[in-house]
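This report looks at strand pairing, the nonpolar core, charged side chains and cysteines in a single protein model. Please keep the sequence and the structure in view while reading.

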Amino acid sequence: DDFAACYSDEIELWNPDGSLMCRGTDQLRAIYGRLFEANPEQQAIVVSRIVGNSVVVDREYVSGRREQKPFHAYAVFEVSAGLIRRGWFHRDDAPS
């Protein structure tokens, strides 16, 4: 619930291919609950952040996923009233 508290009730998260990952905090909790349960060692460390008005761009180093090598991910968030309203994710599998 602490994780979901950062997101608006109307959250929309989008996959790199442009498909909708989830809409609403119920779907967010279900998707990330399964992810965290399957990958209890997962960490996403924010390597860099750009903030501009209502947009935040994070470059993250993600590790601890079962059967996956660590990777860099980019998250672009639209923030409204202090909560994340929309998010788009992109992944960079190139070695660091």
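## Charged pairs and their surroundings

E12 is buried, with a relative accessible area of 13%. The model is a predicted one, and in it the side chain of E12 meets that of R23 in a salt bridge, at 3.3 Å from N to O. Because E12 belongs to strand β1 (residues 7–14) and R23 to strand β2 (residues 20–23), this pair ties together parts that are 11 residues apart in sequence. R23, for its part, is partly exposed, with a relative accessible area of 46%.

A search of the whole structure finds four salt bridges, and the table lists three pairs that are among them.

| Salt bridge | N to O distance |
|---|---|
| R23 and E12 | 3.3 Å |
| D58 and R49 | 2.6 Å |
| E78 and R86 | 2.6 Å |

In the pair formed by E78 and R86, E78 is partly exposed at a relative accessible area of 26%, and R86 also counts as partly exposed, at 25% relative accessibility. Through salt bridges that share partners, E12, R23, E78 and R86 are joined into one network.

D58, which meets R49 in a salt bridge, is buried, with a relative accessible area of 3%. Which side chain of opposite charge is nearest to E60, a buried residue that has no salt bridge? That side chain is R49, and it is 6.3 Å away from E60; because a salt bridge requires the nitrogen and the carboxyl oxygen to be within 4 Å, that distance does not qualify. E60 lies in strand β4, which covers residues 55–63, and, leaving aside its neighbours within four places in sequence, E60 is in contact with A44, I45, V46, V47, F71, H72, A73 and A75.

## Strand pairing and the nonpolar core

Strands β1 and β6 pair in the parallel sense over four bridges, and within this pairing the bridge partner of Y7 in β6 is I84. Strands β5 and β6 run antiparallel and are joined by nine bridges, with V76 standing opposite W88 of β6. The two strands β5 and β6 form a hairpin with two residues between them, and A81 in the turn has a positive phi of about 55°.

The largest nonpolar core holds 13 residues, of which Y7, I11, L13, L28, Y32, F77 and F89 touch the most other members. Two or more residues of this core come from each of β1, α1 (25–38), β5 (71–80) and β6 (83–92). In soluble globular proteins, nonpolar side chains tend to be buried together. I11, one of the core residues named above, is in contact with C22, R23, G24, T25, L28, I84, R85 and R86 once its neighbours within four places in sequence are left aside; that list therefore includes R23 and R86, two residues of the salt-bridge network.

## The cysteines

How many disulfides does a search of the whole structure find? The search finds zero. C6 is in no disulfide, and the nearest cysteine sulfur, that of C22, is 14 Å away; seen from the other side, the sulfur of C22 has its closest cysteine sulfur in C6, which is too far for a bond. The surroundings of these residues can be given as well: C6 counts as partly exposed at 41% relative accessibility, whereas C22 counts as buried at 0%.

Conventions:
Residues numbered from 1 in each chain as written. Predicted model: local features only at pLDDT ≥ 70, side-chain atom pairs only at ≥ 80, totals over all residues. Heavy atoms only, no water. Buried < 20%, exposed > 50% of the residue type's maximum accessible area, 1.4 Å probe, protein only. Lys, Arg positive; Asp, Glu negative; His and termini not counted. Contact = heavy atoms within 4.5 Å. Disulfide = S-S within 2.5 Å. Core = buried A, V, L, I, M, F, W, Y, C linked by side-chain atoms within 4.5 Å. Pairing = 2+ DSSP bridges.
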